[in-house]
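This report describes how the chains of an assembly are arranged and how one of them is divided into domains. Please examine the structure shown below before reading on.

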Amino acid sequence: MYLTQEQQDMLNGKYGKGTAYAMKIQAAIGESFGAERMVPITRAHVALSNQEADLWFAEKLLSEGARCRVAPTVNPGFCLSYFKNRHMVSEEEASLMQRTHNAYKGLGAVLTYNCTPYVATNIPNFGEITAYSESSATPYVNSVWGARSNREGANSALCAAITGYVPEYGLLLDENRRGNILVEVKADMKSDFQYHLLGYMGRKIGNGIPVFTGLPKHIGPEALTNLGAQLNTSGAYGMYHIAGFTPEAPDVKTAFGGKEPERIVEITNEDLEAILEEISLEGNREIDFAMFGCPHFTLKQAKHIADKIEGKKLKKEMWILTSYHVKELADRMGITEVLEQAGAVIVPDTCPDQPCWSHLKGKVGVTESPKCAYYPKRRGMDFVIRDLDTCIEAALTGEVE
Amino acid sequence: MRLTTEEQAMLDGEKGRLVQTAMENIVRYGQVLGAQELCKITKATVFCGAHHYLEVCDSEDFHEVFTRLNLARDEVIPFDRTSPECYIQSCVAACDQFVYEPLNQTEEFFKKNQYYVEEARKAGVTVVGSCSPYLTGWIPVRGEHFVTTESGVTILGNSLWGACCNSDGIEAAFWSSICGRTPKWGYHVQENRHATHLVHVEAPLDSPIEWELLGKAMGMRLPVTVCTPVIVGDFKEVDFVKLKSFFTALAITTNCRMCHIVGITPEAGTVEMAFGGHEVEDEFVITQEDIENAYQPLCDKTEGKVDLVSLGCPHYDIHQIKKTADYLKGKKVHPGVNLMVWTVYPVKAMADLNGYTRIIEEAGGRIYTSTCPVTVGETLLKDYPSQVYDSLKQSGSVRSLPLEQNVYYTDMYRAMEAALTGQWKEEYRWKK
Amino acid sequence: MGKKYSCHKISEGTAKGEALVSADEIMFYLIDPQTGVVIEPGHDIEGKSMAKKILIFPGGKGSSVVQADGLYQLNIRENAPKGMIIQYPETVLVSSAIIMEIPMVDKVDPQFYEDVKDGDTICIDADNGFIEIL
Amino acid sequence: MEKIILRGRGVLPGIVEGTALVCPKGITGWGGIDPKTGEIQDWDNPNKGRTIQNTILVMPGSKGSNGWSCYFGAARAAGCAPKGWLFSAIDSSAAVASAVMQIPTIVDFDKDEDPCSRIENGDYVRMDGTTGVVEVTKSSQRQ
């Protein structure tokens, strides 16, 4: 791979040991993918995870003097002030989060603690070259915004933020952005929930870049967020097209770059029902809690819940996870008050796959997100997956259909 | 004009007087344009708050003021609902949502503004208070139809996101928010979105201010009528801050509401694609000299004391606030200088979380939200004889106020230097 | 001297160890860090340990953070594989291997897959681009 | 007494007559007029200081920011609206302003019948917003 003088200097340690380490990793990635050169990025998002490896890597870079050239936004861990003050995390867990906070702050990241930067705080424009980790983010920025990012790992995205460059391969190149699987959606996409299930059809869709047809004319950010998040829970997708909707797919032909699809897949209502049955616990049972916001809920979703439970009392715990800045909006809009009066909690900066949920271990929850049900399994939480309104009803009555 | 059954029902009053009036106005608006049908609006920004021009209507009742000015009716039609299919955010108001004393405003005015904003919130408007609705997730996707009261957002939406919007106005944005429709005309129609003018940019553009100046330099060359330029050049490290600076400056110096950038905006992969087979009406080159000429009249020549330094028009995003904090860390603003940084309150909350607010405050500056110096107006600005802005739009608009101030315009770093030294020096003028 | 096969370097270094072949993609999150044993239900090599082995598998799966953490947890307990031979590189797995300094190669001579079986002793020389079955 | 007839597209009905106020470079909406009096405030407008109230206002189209219509709307609310107006070519901001003003409006004239060049300040204009016919009595010919 060709390196410019500046990139070579980074590799040789002229910009410090930490930067050299980041560059070494990136050069190796570039070499392994046969990249010819490195190109500058103007945005990055790091899937901070508040896990030991994440902290080890960030602290190693920091102690070796690395600083971000391009300040990245970051994923959530857990909200330290909320969970620590309520003694819901141990000293060690709080300390890990605090050290993660300090390490990323030291590296110069913008501590947004939000897994949906692509809907508000870090939105790339068409064609912009970026480095996004977080599995729901990469398909969103590539597909919806037409920006360019490979499916970065948390650590490779951090390296890119530090050096300001990424190796040029994969989805950064025109020829790799064309669709190859035609996905004809025959299912009735009546709410954002169906996009969760459509995204979970990864096994049926198969590897490649899907081109969806048959979707409604208006698709909101919540539906698109769900689609991307679940595609990358059920498979590995850097990008998709929606014919007549996403910017690189004004029509089916353009989406495939003039070629014929390699595979045609049809998705019906029955497919969505079958996948739901497969991934969800059985219904008709009592539940212990409801959890929403994986990926983080938007203001619109928080307001939807508030409208449904205003003036009522929840029978079960309800957690709504969101970004710090949506939380601010919810406070200002009076939504937080309505939620809290009904007994729900809207909490920022927090992910379902974090140690702060130890009190839910061994319990059964409801959620509308298959991703929310998938990762926390190893923390002993099990979920019934239903559409949002059914989940809200379950939190009110204590039982799910 | 062809209306759908649903639209006709709204016009017939089936959804109440408010929706009916909004629809009547939209239909009339469409008839004046010669539009054949309406299109569905799913995003809007509206101009809430107790803006000064509303004072022509001498009434204590928000709804009366609203009806007479925004609905153009002489009865009182309560503004109590908006289209459930449309996501609506509020633009800047003439007041910060949280403080009034530092802006030299009265409690009475602050409360009136809160009352206006609160009524809009009850009607379904998300209270944001920003000229930069995209900072809180209000971003139309390609092909989405939207309305906005901000010219800069119209042009950004059309150009950068490939969404569809005309420059229509404050009243029309309310009508569309209420009935969820706008006339299908102009940039809402695919065939009208091709380029008309070809601009070759030969000036090297690095910082955001240079992109702003490109907007002004183009404004000096483009016709006053509506046109759709396409720019080509060897653009390096283009980021969103540069683009929003450019589009905002272009919007206020021209009537242009869409501008393609070859290789950057989605409808302009190539020059040919941007023109889509239509003729090039005119073609010109912008040189470094043009950029410099655009700058000179925007910045006063006198050296001397500085009283106000204002950063953030359009409202700063979190990255810009971080840069401000990084620069000010450990430094002190000169006594007597008011350093104001403008953003939207959820971004300020994020700045609080990240410690940027504290750094800026320790340096002697302060972050404000929900408005800007020009929107607050004379009440604030009359007390500052010498003002520095990092924005072409602010510095230009301040000049049109009936005040006799020195107005300086430069990039954010030189503006902060002026705040630290308390002086305007020749070296703070922007130069390449 | 054993039989040599060409390959392409992803993560530098050399390694020697016992072969463990998996037909399924691997998510390092679902490996017991205390033993290196695959605990993912229904996985091709469920119940087998990858500790100090040369792991031969198609590629990785899972979100952008789990691979690094999984490998890290194995690595600090010295239960990570010594080397990895893959077919389908993707950034998440590749960067994790590079960071954990575990030699990794791809684009191996197809004959290798015909010949290799569990328990073979294998040498990887990523830097010189070859694998050897001893 | 010279009379000329111009034809545009009549878009808002009504027959009105009055003295023409012609602004060939348009008027800036936001801050360009004082809505309380209808007085033009644009520093570079040759009609600065004149009011739009009760005139037949002639302009090429809108100008400047998206806030163009609201100052005219405010003038309407304050009782300072023109009697009718003519736009050489319609644009979206001017169309919103017309829908707000609800005064007779004629737009989209042929290039050689551009009201901004064929009508001068002080000419007496009779306009029919239904038919689009504009009857101009040149002031230089009038007693």
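In this predicted model, chain A and chain D are not joined by any contact, and their closest C-alpha atoms lie 24 Å apart. Chain C and chain D likewise have no contact between them; here the closest C-alpha atoms are 44 Å apart. The table sets out these two pairs.

| Pair of chains | Contacts | Distance between closest C-alpha atoms |
|---|---|---|
| Chain A and chain D | No contact | 24 Å |
| Chain C and chain D | No contact | 44 Å |

Other chains do touch. Three pairs of chains are in contact, and among these the most contacts are shared by chains B and D.

Chain A meets chain B through 28 residues of chain A and 32 residues of chain B. On the side of chain A that touches chain B, helix H13 (299-309) and helix H14 (324-332) of chain A each provide at least two residues. The largest share of that side, five residues, is supplied by H14(A). Sorted by class, the side of chain A that touches chain B contains 15 nonpolar, 10 polar and three charged residues.

Within chain A, the division is into domain 1 (5-174), domain 2 (178-269) and domain 3 (280-400). Between domain 1 and domain 2 of chain A, the C-alpha centres are 27 Å apart. These two domains touch, with 15 residues of domain 1 of chain A in contact with 16 residues of domain 2 of chain A. The side of domain 1 of chain A that touches domain 2 of chain A comprises six nonpolar, eight polar and one charged residues.

Notes: Residues are numbered from 1 along each chain as its sequence is written. Chains are lettered from A and ligands numbered from 1 in the order in which they are written. This is a predicted model: local features need pLDDT of at least 70, side-chain atom pairs count only at pLDDT 80 or more; totals for chains, interfaces and linings use all residues. Two residues are in contact if their C-beta atoms, placed from the backbone, lie within 7 Å. Helices (H or I, at least four residues) and strands (E, at least two) are DSSP runs, numbered from the N terminus. Ala, Val, Leu, Ile, Met, Phe, Trp, Tyr, Cys and Pro count as nonpolar, Asp, Glu, Lys and Arg as charged, and the others, Gly among them, as polar. Domain bounds come from an automatic or database domain assignment.
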